[in-house]
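Open the model in your viewer and keep the selection panel at hand. This tour goes stop by stop.

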Amino acid sequence: MATGGDDTRVLVWPVLKGRDSLDRPSSADHRPLMIHTGHVSNIFCIQFDSSGHYLYSSGNDGFLLKFDIESTAAAAASQQGYTASTLVAAHEAACLRFSIDPANDDLVLTAGQDGCIRLWDLRVSSRDWQGEIRFRGHAQNYVEHNPAVPHLFLATNDRGGIHLYDTRMSFGVASPSSDHGTSSREPALIKYTTTRCRADCISRPSDISSAVWNQDGTAFCASIQRWYPTLYAAMNPDPICVFKTDAAVGQQYKSLATVKTGCFTQDETMGHEYVVAGSDDFCAYGWAVPPVDEMLDAQSARISSTLSTASAETNGSRDIMFYNKGTRISTHVVQAASFALCGHRSIVNSVAAHPTLPLIATSGVEKCFRLFAPFPLDADSSDSAEGIQQPTGRSRNAPSQRRRQMPPRSRGRGIDEDRAVLAYFDNLILEQSSRSVEAASWIKFRTPGRSGGGGSESSAGSSAEWESSDMSDQSDGSSNSSGSSDDDDGMHISGFDGIDE
């Protein structure tokens, strides 16, 4: 498994002793097999290619790096830092996410905070991008190819956008020195609904951290700031399921402070699919995914009436629903998580599942990553009981700090946690603690009409008249936490290298 963090290094770790074995390596093996260098700022994304011979990474410096794992494996015992075999200056701002084409390891999509999605062919010696989609004022947070149909990909941004694209139609002939190959329009196949409504109000655009495909590419789960993980069917623009937690049993999912990336995993023995996501309450949660076809059929029967002043007055409901072109969208709701992964000492940002074995890895603000399994990994494990359980409370007190203060840089590369960094994020959580995860900035609907948007960026751009509304949950939900890269300190993990492992 590979990890990357604020120390700008990419580390490759041993996870299992042998093929198809859940025996954990001995304590002497709890050190990285390889150390790779080349980044000059925080690392946000790491991925193995399909062969497992190469490892890619991107980060706050805008670089896309490619490391040759095979050529450095023999000398890995020296613990030296190996530089990248390929370096691409992919973006003028942070590159939070990239995606390797499942059908061709040399083709890579990158999402930049400079508002661009770019297509790269690493076989081209000039290192020029081969295509670009440019968005004015919309930082691009996430991009991911569909695992079953590689020419389709998802992209998310900081203005409520989740879009489905086709690489065959979205990019023209590449020429960075001209307008050819650049699309300033939005050639999206589908724009997914992310706008929410409550009574006579509509939400401002939310920051969408990620949108992760399930294993067969038929559905994906979006991490929406100040909301819950939300499931979409691939070809349906409206959400079909929201995954909540039950405070009565100690579950308190929140995504208010940092970038979150979840994952899907499957229990093949029971035939269940789960979605897993990290939370600001120092836990990661997993929910069983109901059958998608059944939720789609039920949603068709629940379509609500057009949003208007009259309907809001007669309804009077404070329930939050999704909103698309004048229609309230009712979704299936999973009211409680199936399991919680606890034991973390700060926010959990990243979750990855092993492709074949029942292993889940988590990481976040802390310097360490954790592995979870449904049973002890070895008989003498002293901390195995910390695995799947209900969440525990925070034990640290945070000093008072200014809201917009940047997190302190971790001092050195030791394994001891930096208390100043942990305290900064504790303080960030405490500032948000009085707000519900459902808190958002709301716009009040004043006159009858229909929204001009498709539930994403243009929710307030209609002929209707809107006004700001405090709604007692006032927050800065339209701010770009993803774009403020320095606020996302911590470790990020890749998917496991699943080549016959």
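**Stop 1: the β24–β25 hairpin**

Select the hairpin of β24 and β25, which has four residues between its strands; G271 there takes a positive phi near 75 degrees. The model is predicted, so local features need pLDDT of at least 70, side-chain atom pairs count only at pLDDT 80 or more, and totals for chains, interfaces and linings use all residues. Residues are numbered from 1 along each chain as its sequence is written, and side-chain values use heavy atoms, with hydrogens and water left out.

Strands here are DSSP runs of E with at least two residues, numbered from the N terminus. Two strands pair if DSSP finds at least two bridges between them. β24 and β25 run antiparallel, joined by five bridges. Pick F264: V275 in β25 stands opposite.

**Stop 2: along β25 to β26**

Stay on β25. Six of its seven residues are buried. Buried means under 20% relative accessible area, exposed over 50%, and partly exposed in between, with a 1.4 Å probe and protein chains only.

Now add strand β26, residues 284-288, which is antiparallel to β25 and joined to β25 by five bridges. V275 stands opposite W287 in β26. The hairpin of β25 and β26 has five residues between the strands. In its turn, select F282, with a positive phi of about 75 degrees.

**Stop 3: the cavity**

Which residues line the largest cavity? Select S210, V212, C221, S223, P229, G262, C263, F264, V275, V276 and A277. On a 1 Å grid over the protein atoms alone, a cavity is a set of points where a 1.4 Å probe fits but cannot get out; lining residues have an atom within 4 Å of a point. Grid points are joined across faces, edges and corners, and the volume is the space filled by probe spheres set on the points.

A search of the whole structure finds one cavity of 30 Å³ or more. The volume of the largest cavity is about 50 Å³. Colour the strands β20 (208-213), β21 (219-224), β24 (263-267) and β25 (272-278): each supplies at least two lining residues. β25 gives the most, with three.

Colour the lining by class next. Eight residues are nonpolar, three are polar and none is charged. Ala, Val, Leu, Ile, Met, Phe, Trp, Tyr, Cys and Pro count as nonpolar, Asp, Glu, Lys and Arg as charged, and the others, Gly among them, as polar.

Move to A222, in strand β21. A222 is buried, at a relative accessible area of 0%. Show A211 as well: the C-alpha atoms of A222 and A211 are 4.1 Å apart, although eleven residues separate the two along the chain.

**Stop 4: aromatic pairs**

Show the aromatic rings. A pair of aromatic rings is described by the distance of the centres and the angle of the planes. Rings of Phe, Tyr and Trp (its six-membered ring) pair if their centres lie within 6.5 Å; planes under 30 degrees apart count as stacked, over 60 as edge-to-face and the rest as tilted. The count comes to 16 aromatic pairs.

Why is the pair of F153 and Y165 stacked? The ring centres are 5.2 Å apart and the planes stand at 25 degrees, so the pair is stacked. F153 sits in strand β14 (residues 152-157) and Y165 in strand β15 (residues 162-166), twelve residues apart. F153 is buried at 0% relative accessibility. Y165 is buried too, with a relative accessible area of 0%.

Jump to W227 and F322. This pair is edge-to-face, at 5.9 Å centre to centre and 85 degrees between the planes. W227 lies in the loop between β21 and β22 (230-233), while F322 lies in strand β27 (residues 320-324), 95 residues apart. Both W227 and F322 are buried. Extend the selection to one aromatic cluster: W227, Y228, F243, Y253, Y285, W287 and F322.

**Stop 5: β9 and β10**

Select strand β9, residues 95-101. Seven of its seven residues are buried. Strand β10 (residues 104-112) runs antiparallel to β9, with six bridges between them. C95 has G112 in β10 as its bridge partner. Two residues connect β9 to β10 in a hairpin.

**Stop 6: a three-stranded sheet**

Finish on the open sheet with the order β31-β32-β33 and antiparallel pairing. β31 (348-353) and β33 (370-372) are the edge strands, each pairing on one side only. Strand β32 (residues 360-364) pairs with β33 over three bridges. Select T362 last: its bridge partner in β33 is R370.

How values were computed
1 Å grid on protein atoms, 1.4 Å probe; cavity = no way out; pocket = protein on both sides within 12 Å on 5 of 7 lines; lining within 4 Å.
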